[in-house]
Amino acid sequence: MAASPTSAPTPGTAPLVTERLLLRPVRTADVPAVTRLWTDPEVRRHLGGPVTGQVVRIRQRRVVGAPGVHAVVRSADDVLLGLVTVEPAAREGETEVSYQFLPEHWGHGYAREAVGAVVEATLRDTPSVVALTQEANVRSRRLLEAVGMAHVSSFVEHDAHQVLYRRRR
């Protein structure tokens, strides 16, 4: 179970801290691990496939310190596990939360802990949060349900069946 966040994950504030994790802005030293998130076929299976080299290079220049992009770091050893991103007004005016984690860290509850903390912190300042995942991504759907989000619609986008989840304050 995720610990209560100690601060909202917004630019210019203290990092968000949970029982096992630190969520903070992306640093230059994080870029190699973050690049793996964009290029690993397993991570990208339900995200449209690996990102092309040109797009990776652009993202590498923009991700360090980017507003709303949170590096998820295991407190015990400072290992980067993944990213959680908050985009205000991203989907029809609602704040969207997205996430991706490196495969070797799946199955330990880190994503649930990090996403749950970010959703809780985000709901302090916005009336609702949405998240989108592919219908086939059963693990992601379970994670969203575990953090209190409810399935509200299904549709086809990017040539794949998608599901939208929402949680209100």
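Visitor: How do you know that helix 1 and helix 2 are oblique to each other, and what do their axes do?

Guide: In this predicted model, the axes of helix 1 (residues 31-39) and helix 2 (residues 53-63) come within 11 Å and cross at roughly 140°. Angles over 145 degrees would count as roughly antiparallel and those from 65 to 115 as roughly perpendicular, so helix 1 is called oblique to helix 2.

Visitor: Which residues make the contact between helix 1 and helix 2?

Guide: On the side of helix 1 the contact is made by Val-31, Val-34, Thr-35, Trp-38 and Thr-39, while helix 2 contributes Val-56, Arg-59, Gln-60 and Val-63. The crossing of these helices, helix 1 and helix 2, is right-handed.

Visitor: Why is the pair Asp-40 and Arg-36 called a salt bridge?

Guide: The rule asks for a side-chain nitrogen of Lys or Arg within 4 Å of a carboxyl oxygen of Asp or Glu, and the side chains of Asp-40 and Arg-36 meet at 3.9 Å, N to O, so the pair satisfies the rule.

Visitor: What makes Asp-40 buried or exposed, and what about Arg-36?

Guide: Asp-40 has a relative accessibility of 17%, and because buried means under 20%, Asp-40 counts as buried. Arg-36, with a relative accessible area of 34%, falls between the limits of 20% and 50% and is therefore partly exposed. Both residues also belong to a network of salt bridges that links Arg-36, Asp-40 and Glu-104.

Visitor: How do you know that Asp-77 and Arg-74 form a salt bridge, and which of them is buried?

Guide: Their side chains meet at 2.8 Å, N to O, which is within the 4 Å that the rule allows. Arg-74, with a relative accessible area of 19%, is under the 20% limit and so is buried, whereas Asp-77, at 41%, counts as partly exposed.

Visitor: What is the distance in the salt bridge of Arg-45 with Glu-42, and how many salt bridges does the rule give?

Guide: The closest N and O atoms of Arg-45 and Glu-42 are 2.1 Å apart, and Glu-42 counts as partly exposed at 32% relative accessibility. By this rule the count comes to 10 salt bridges.

Visitor: Why is helix 3 called mostly covered?

Guide: Helix 3 (residues 110-122) has 13 residues, and 11 of its 13 residues are buried, among them Tyr-110, Glu-113, Val-118 and Thr-122. From its first C-alpha to its last, helix 3 reaches 18 Å, close to the 18 Å expected at 1.5 Å a residue.

Terms used:
Residues numbered from 1 in each chain as written. Predicted model: local features only at pLDDT ≥ 70, side-chain atom pairs only at ≥ 80, totals over all residues. Heavy atoms only, no water. Helix = DSSP H or I, 4+ residues; strand = E, 2+ residues; numbered from the N terminus. Expected span 1.5 Å × (residues − 1). Buried < 20%, exposed > 50% of the residue type's maximum accessible area, 1.4 Å probe, protein only. Axes fitted to C-alpha atoms, helices over the stretch in contact; angles between N-to-C directions. Parallel < 35°, antiparallel > 145°, perpendicular 65-115°, else oblique. Left-handed = near helix turned anticlockwise from the far one by under 90°. Contact = heavy atoms within 4.5 Å.
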